[in-house]
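Trainee: Hi, have you got a few minutes to go through this one with me?
Mentor: Sure, let's have a look together.

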Amino acid sequence: VLLVGTGLLLTVATGGVQFRYLGFALREVLGKITQKSTAPGEVSPFQAVATALASTVGVGNIAGVATAISIGGPGALFWLWVSGVLGMCTKFAEIVIALHYREPDASGQMRGGAMFILRKGLGLPWLGTIFAGLVALAAFGIGNMVQANSVAASLQASFGLSPSITGVVLAVLTAAVILGGIKRIGQFTEYLVPFMAVFYLAGGLFILVRFASEIPQAILLVVSSAFSGAAATGGFAGSTIMLAMRYGIARGLFSNEAGLGSAPLVHAAARTDHPVRQGLYGIFEVFVDTILVCTTTGLVIMVTGVWSGGATGAELAGRAFSVGLPGTWGNIVVTTSLVLFAFSTVIGWSYYGETGIVYLLGARAILPYKIAWLVFIYLGAVGSLHLVWDVADTLNGLMAIPNLIAVLGSIGLLRRLMREFFPTAR
């Protein structure tokens, strides 16, 4: 209710910025990928959005979407689209406000996020401290152990690889990237993210072209089920409108992370001349994550007809791609994408957690935090994660509350910054 309500309110307050300026945002991002900037910051605007996408494009884009459809029915995909459209505006707003209040840390590195907004803008330093603590802790769950466990389980199921070996290799690869700081993370993700996204989307597009005749019927079923529920078929447990809304919106919001306050933590490090310019990258970020990647997963599951077979999660997505692609290509695409998506999330969230701990304890805590991060990757790979999932979901949800207070309390500032930027941008 908080996340969707905030998205609706911000859409009205900004005059539908995600609709009016989507084309502008796409041109801003894709037209300036290689452009250098001398503005304050550590990474280029595209490296910032690539790192944010590395964190959001994760297991949820494959397994999460499949779970939403298997439990909530086809209508869940419609509500996932709704969450994506509203999330574009929320992500834009939280990035713009975070960049306005960003400041250099003791080492001169630019830092920003809801904790700075709450302290400097709203006079609520205690709530900013709570948010920083939640970020530092939540990162170990949703951004670390859950992802490592997904990689280990996927590789063990597909290739019989021992989880302990996966844990060691994943920790070593992660160390090679994150110990170089945000600059190396940005340099790594600007190549990894486009590759993994194109790889997955190409596999999905092949299937959608092959099953093109099924797409109109699938979309019709998605829209009609969103408002009428779906009848139980086969092993499908049945669905209601409420289940479709609940799982579609929840999985969409937790996939694109709009409103959680995570992405602004890395966008604050971007070299940009104006907060609104970087906010446009947030619109692009949610567009790629939810409208492109999540929709591809959902439509592939729908057009191949496997959605009502009783499977769920990554198994359901894998079954859909296996039906749609020849030979073993379906398994290869899903397994490779799961591994890359999860690995990229481990990289991106390490910086989120680091920013939280630096706010609380200062730069001296960075190295101990990173070492702990690497240890927990291994523990996640070899452990059982039912409890971790629950704790991670709870901490992630709690992050949204202080972040939304920060955003909602800064709507006046957001509107002023928009009026300041857009006349010169036309």
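Trainee: Which residues in helix 7 are buried?
Mentor: Ala114, Met115, Phe116, Ile117 and Leu118 are buried in helix 7. Buried means under 20% relative accessible area, exposed over 50%, and partly exposed in between, with a 1.4 Å probe and protein chains only. Helices are DSSP runs of H or I with at least four residues, numbered from the N terminus.

Trainee: Anything I should know about the model itself?
Mentor: This is a predicted model, where local features need pLDDT of at least 70 and side-chain atom pairs count only at pLDDT 80 or more, while totals for chains, interfaces and linings use all residues. Residues are numbered from 1 along each chain as its sequence is written, and side-chain values use heavy atoms, with hydrogens and water left out.

Trainee: Back to helix 7, then. At what angle do helix 7 and helix 16 pack?
Mentor: Helix 7 (residues 114-121) packs at about 35 degrees to helix 16 (residues 329-361), and their axes are 10 Å apart. The axes are lines fitted to C-alpha atoms over the stretch in contact, and angles run from 0 to 180 degrees between N-to-C directions.

Trainee: Which residues meet there?
Mentor: From helix 7, Met115, Phe116 and Arg119 meet Thr355, Gly356 and Tyr359 of helix 16. Contact here means heavy atoms within 4.5 Å. That set splits into three nonpolar, two polar and one charged. Nonpolar covers Ala, Val, Leu, Ile, Met, Phe, Trp, Tyr, Cys and Pro, charged covers Asp, Glu, Lys and Arg, and the others, Gly among them, are polar.

Trainee: And what comes just after helix 7?
Mentor: Gly123, which takes a positive phi of about 65 degrees.

Trainee: What does Asn403 touch?
Mentor: Leaving out residues up to four places away in sequence, Asn403 touches Glu94, Ala114, Phe131, Gly259, Leu260 and Gly261. Asn403 lies in helix 18 and is buried, with a relative accessible area of 2%.

Trainee: Switching topic: how many disulfides are in the whole structure?
Mentor: Zero, according to a search of the whole structure. A disulfide here is a pair of cysteine sulfur atoms within 2.5 Å.

Trainee: Why is there no bond for Cys89?
Mentor: Because its closest cysteine sulfur, in Cys294, is 19 Å away, too far for a bond. Cys89 is buried, at 0% relative accessible area, and Cys294 also counts as buried, at 0% relative accessibility.

Technical notes. Helix = DSSP H or I, 4+ residues; strand = E, 2+ residues; numbered from the N terminus.
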